[in-house]
Amino acid sequence: GGLTVEADWPDKKEASMVTTVASHIRNMMRGVTEGYTYRLKAVYAHFPLTVKVQGGSVVIENFGGERSPRVARIVGKTKVSVEGDDVTVTGVVLEDVSQTAANIQQATRMRKRDPRVFLDGVYVYTESVEM
């Protein structure tokens, strides 16, 4: 019915490792029973960008009018689906799901531009535990 993670006479580093291991186990149990979902929204002002899933990567085309597509890697056995401007990332392993969502968001980062003006990109707007 339960699981105990402990260390005998832990110092500061060992105590933090016990907490980390307990959190990883908790995340694994929650992932298998409920799953993790991240929802992302494609936002653009002038050039309509398109998001596609091709094999083990997400391809973002026409970002800011660029000719070459931007590519984000899908980590592990994470599933990515695209419906219009919404991108849904689901999976069992929290680290893989969150890293895939971060890869997609980072692929559309604007460089050498004012981020307050150029708000185009794909952004995470909801994180939830569901499947």
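Which residues of α2 are buried? The legends below start there.

**View 1. The buried residues of helix α2.** This is a predicted model, in which local features need pLDDT of at least 70, side-chain atom pairs count only at pLDDT 80 or more, and totals for chains, interfaces and linings use all residues. Residues are numbered from 1 along each chain as its sequence is written, and side-chain values use heavy atoms, with hydrogens and water left out. In α2, the buried residues (under 20% relative accessible area, 1.4 Å probe, protein chains only) are V97, T100, A101, N103, I104 and A107. Seen down the helix axis, they fall within an arc of 155° (taken from the directions from the axis to the C-beta atoms), so they line one face of α2.

**View 2. The length of α2 and its packing partners.** Helix α2 covers residues 94–107; helices here are DSSP runs of H or I with at least four residues, strands are runs of E with at least two, and both are numbered from the N terminus. Its 14 residues reach 20 Å from first C-alpha to last, close to the 20 Å expected at 1.5 Å a residue (1.5 Å times one less than the number of residues). The buried residues of α2 pack against several strands, including β1 (36–43) and β7 (121–128), where contact means heavy atoms within 4.5 Å.

**View 3. The open sheet of three strands.** Its order is β2-β3-β4, with antiparallel pairing; two strands pair if DSSP finds at least two bridges between them. Both β2 (50–54) and β4 stand at the edges with a single partner strand, so each has one side without a neighbour in the sheet. Between β2 and β3 there are five bridges, and T50 stands opposite E61 in β3.

Terms used. Buried < 20%, exposed > 50% of the residue type's maximum accessible area, 1.4 Å probe, protein only.
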